[in-house]
Amino acid sequence: MDLDTLFSLDGRTAIVTGGSRGIGKMIAEGYVRSGVRVYITARKADECEATARELSELGHCVALPGDISTTEGIADLVARYGELEDSLDILVNNAGAAWGAPFAEFPESGWDKVMDLNVKTPFFLTQALAPLFARRNGDHLAKVINIASIDGISLNPQETYSYHASKSAVIQLTRRMAVRLVEDGIVVSAIAPGAFASRMNQDARDRADEVVTGVPSGRIGTPEDMAGAAIYLASRAGDYVVGSTLVVDGGVTHAR
């Protein structure tokens, strides 16, 4: 057992979708600090490029902005990445959307936008990147990490119907993809975050004192908590975690 390399990611490559802010940025920073050549994508080019410049001070980080909610956008991202790297070791499917509205008023647009980005994109992006996974150095497994949510496991009080449904779907999709792709040396797993401060989780960001009253650990998640989980799953330490979802929530799902 080589503990020096068990969690090592040095020299690997990664794409982190939605990597310009929030949980995606936390994971991207953890990978950059671990010696990974990281490529982040996000729809807003200015934010994506600003984050890449910031993280480049710590290591290798490149912005590949674009809209990956469509198959055309996915193809464009894969093509641009392929101009820079010959292979891929890690994909973090983090880009996501949420929509809240009362049941009687919930719009079809709020359903389609969330389901397309949260569920369809992770599948088709992974599918499109499969040839690049196959070209990686054969001494380690490739990793796909889908970002789910504890809202895919238990309910919160908000009427975010498509978000709840999409994150449950991500957890089941992770299982189905994992059983098939492990045959190709690609390990698929997921992370279900709880309260982490982000633009999507404005309660954890702006009302942390209130939110922590429902968290057994007594605090919201930190960048280290998220980076640690993502590094674990991407490294040799996570090779046997196939199709499972790692809940990182300070105990919330057990207390609900």
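Select Glu47 and Arg21 in this predicted model. Their side chains meet in a salt bridge, with 3.7 Å from N to O. Glu47 belongs to helix 2 (residues 45–56), while Arg21 sits in the loop between strand 1 and helix 1, so the pair ties together parts that are 26 residues apart in sequence. Side chains of opposite charge can pair when their charged atoms come close. The structure holds 11 salt bridges.

Next, show helix 1 together with helix 2. Their axes come within 10 Å and cross at roughly 30°. An angle under 35 degrees counts as roughly parallel, and the two helices, helix 1 and helix 2, are therefore roughly parallel to each other. Their crossing is right-handed. To see the contact, select Lys25, Ala28, Glu29 and Val32 on helix 1, then Thr51, Glu54 and Leu55 on helix 2. What kinds of residue make up the contact of helix 1 with helix 2? There are 3 nonpolar, 1 polar and 3 charged.

Now move to the sheet. It is open and has 7 strands in the order 3-2-1-4-5-6-7, with parallel pairing. Strand 3 (61–63) and strand 7 (245–248) stand at the edges; each has a single partner strand, so one side of each is left without a neighbour in the sheet. On average, neighbouring strands of this sheet are turned by 20° against each other, direction ignored. Strands of a sheet pair through backbone hydrogen bonds, either parallel or antiparallel.

Stay at the strand 7 edge and select strand 6 (residues 186–193). Strand 6 runs parallel to strand 7 and is joined to it by 4 bridges. Pick Pro193, and opposite it in strand 7 you find Val248.

Two helices can be viewed against the sheet. Helix 1 (residues 22–33) packs on it, touching strands that include strand 1 (13–17), strand 2 (37–41) and strand 4 (90–93); the direction of helix 1 makes about 170° with that of strand 1. Helix 8 (residues 223–234) lies across strand 4, strand 5, strand 6 and strand 7, and runs at about 165° to strand 6.

For the last stop, select helix 3 (residues 71–82) and helix 4 (residues 108–134). They pack at an angle of about 30°, with their axes 10 Å apart. That makes helix 3 roughly parallel to helix 4. Helix 3 passes helix 4 in a right-handed crossing. Show Ile74, Leu77, Val78 and Tyr81 in helix 3; they meet residues of helix 4, among them Phe124, Leu125 and Leu129. The residues of this contact divide into 9 nonpolar, 1 polar and no charged.

Key
Residues numbered from 1 in each chain as written. Predicted model: local features only at pLDDT ≥ 70, side-chain atom pairs only at ≥ 80, totals over all residues. Heavy atoms only, no water. Pairing = 2+ DSSP bridges. Axes fitted to C-alpha atoms, helices over the stretch in contact; angles between N-to-C directions. Contact = heavy atoms within 4.5 Å. Parallel < 35°, antiparallel > 145°, perpendicular 65-115°, else oblique. Left-handed = near helix turned anticlockwise from the far one by under 90°. Nonpolar A, V, L, I, M, F, W, Y, C, P; charged D, E, K, R; others polar. Salt bridge = Lys/Arg side-chain N within 4 Å of Asp/Glu carboxyl O.
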